[in-house]
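Visitor: I would like a close look at a single part of this structure, the aromatic rings and what sits around them. Please keep to what can be computed from the atoms.

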Amino acid sequence: MASPTVSGPASPVDAALVAARAEALALHSPYLFLRELPLAAQQEQFGTGVAQRFGSGAHDEVLAMQGAAGQWLLQRLPWDSDYFGTPTYRLFSGLFGADADPAGLRMAATQLRETLHARGDYYAFSVVPAEDTALLQALTGGGWQLIETRLNFYCPVAEARLPEPAAVRLARPDEAAHIGRISAAARNVYDRFHADPWFGEARADAFLARYAEAATAGAYADAVLVPDEPGLPVDAFLAIGDTAATAQLPGTGHSRVLLTAVGPANRGWHLKLVAETVRRAAGLSLPYVLMTTQATNRAVFRTCEKLGFRLGSTTHVLACHNRW
């Protein structure tokens with residue numbers, strides 16, 4: 001998701017809120033709901049973190065909240081829909097005022113599920129900041145289920161504590177199938193795909209393998225790093241996505257760890273691959289590296305502590321579907 005932009009007129013109070021939260025918006029979370037702002041300002045400036053372009057895509061939908069004053073911002077994901085053979089949606093946000101009635105919001109969330117159900121089979125999910133208790137309560141009260149809790153870390157590149165350089169290289173496109181097998185084998189039962197019974201273990205493994213293959217082949221990622229030590233088999237990888245700074249928020253460019261897996265033949269390489277990701281970001285003059293993991297993943301916490309990552313935010317993944 002693109003970094004959020006800040007634009008448009010704002011009152012002095014709104015401007016102070018924008019300034020106070022800009023770093024969090026840019027670094028710590030894909031989006032952050034600001035209930036202190038009027039609905040129009042939420043939509044214009046912060047709604048989904050991509051509100052400036054939302055609605056312009058062929059698969060974007062803006063749906064009115066039935067029974068509550070507000071809107072749902074929804075996007076159908078074509079690739080996921082084709083892969084799973086089921087229309088798949090991401091709820092980017094629900095936009096409503098700070099005085100919205102909780103009962104009305106729960107009803108609106110229930111009616112959103114009914115709207116999707118009326119179209120046939122579907123699967124929908126949303127990644128919601130922990131701060132947005134109103135939306136979390138509306139969705140869970142409306143039948144959405146909690147799937148995963150994520151911790152979103154960020155590392156100021158200039159302040160990182162890096163070990164000695166490790167030998168790494170870019171994965172070759174002809175290694176895509178091998179990288180996919182590493183991804184499938186390094187199963188994390190708490191990630192979104194494995195934790196959600198809708199997918200099932202086999203489909204979750206296959207999907208993450210396919211994603212890793214596509215990243216290695218040049219789609220979805222700007223780089224995939226693998227170990228490059230003589231005699232050491234490649235049994236680990238780390239996929240990276242780069243985002244340049246936005247004009248409105250200078251200094252917000254970053255590299256994001258998209259997907260990583262470490263097999264038994266490369267024990268200890270998670271730290272090395274993340275450290276080299278930070279070095280790579282420095283070489284690209286990107287000031288931050290972002291990494292998201294499950295709240296259960298203590299191994300990643302240790303990597304973050306050693307390299308100087310900081311906890312930026314907590315988000316919850318919720319989902320709903322009509323295959324019970």
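Guide: What follows deals with the aromatic pairs, and then with the charges over rings. This is a predicted model, in which local features need pLDDT of at least 70 and side-chain atom pairs count only at pLDDT 80 or more, while totals for chains, interfaces and linings use all residues. Residues are numbered from 1 along each chain as its sequence is written, and side-chain values use heavy atoms, with hydrogens and water left out.

A pair of aromatic rings is described by the distance of the centres and the angle of the planes. Here rings of Phe, Tyr and Trp (its six-membered ring) pair if their centres lie within 6.5 Å; planes under 30 degrees apart count as stacked, over 60 as edge-to-face and the rest as tilted. The whole structure holds 16 aromatic pairs by this search. One of them is formed by Trp79 and Phe207, with 5.6 Å from centre to centre and 65° between the planes, which is edge-to-face. This pair links distant parts of the chain, since Trp79 belongs to helix H3 (residues 78-84) and Phe207 to helix H8 (residues 201-216), 128 residues apart. Helices (H or I, at least four residues) and strands (E, at least two) are DSSP runs, numbered from the N terminus.

The burial of the two rings' residues can be stated with cut-offs: buried means under 20% relative accessible area, exposed over 50%, and partly exposed in between (1.4 Å probe, protein chains only). Trp79 has 29% relative accessibility and so counts as partly exposed. Phe207 has 4% relative accessibility and therefore counts as buried.

A further pair is that of Trp198 and Phe199, which is edge-to-face because the ring centres are 5.0 Å apart and the planes stand at 90°. Trp198 counts as buried because its relative accessibility is 4%, and Phe199 counts as buried at 5%. Ring pairs join these residues into a cluster whose members are Trp79, Tyr83, Phe84, Tyr123, Phe193, Trp198, Phe199, Phe207, Tyr211 and Tyr220.

Charges come next. A charge sits over a ring if NZ of Lys or CZ of Arg is within 6 Å of the ring centre and within 35 degrees of the ring normal. Over the face of Trp198 lies Arg203, at 4.5 Å from the ring centre. Phe125 has Arg192 over its face, at 3.8 Å from the ring centre.
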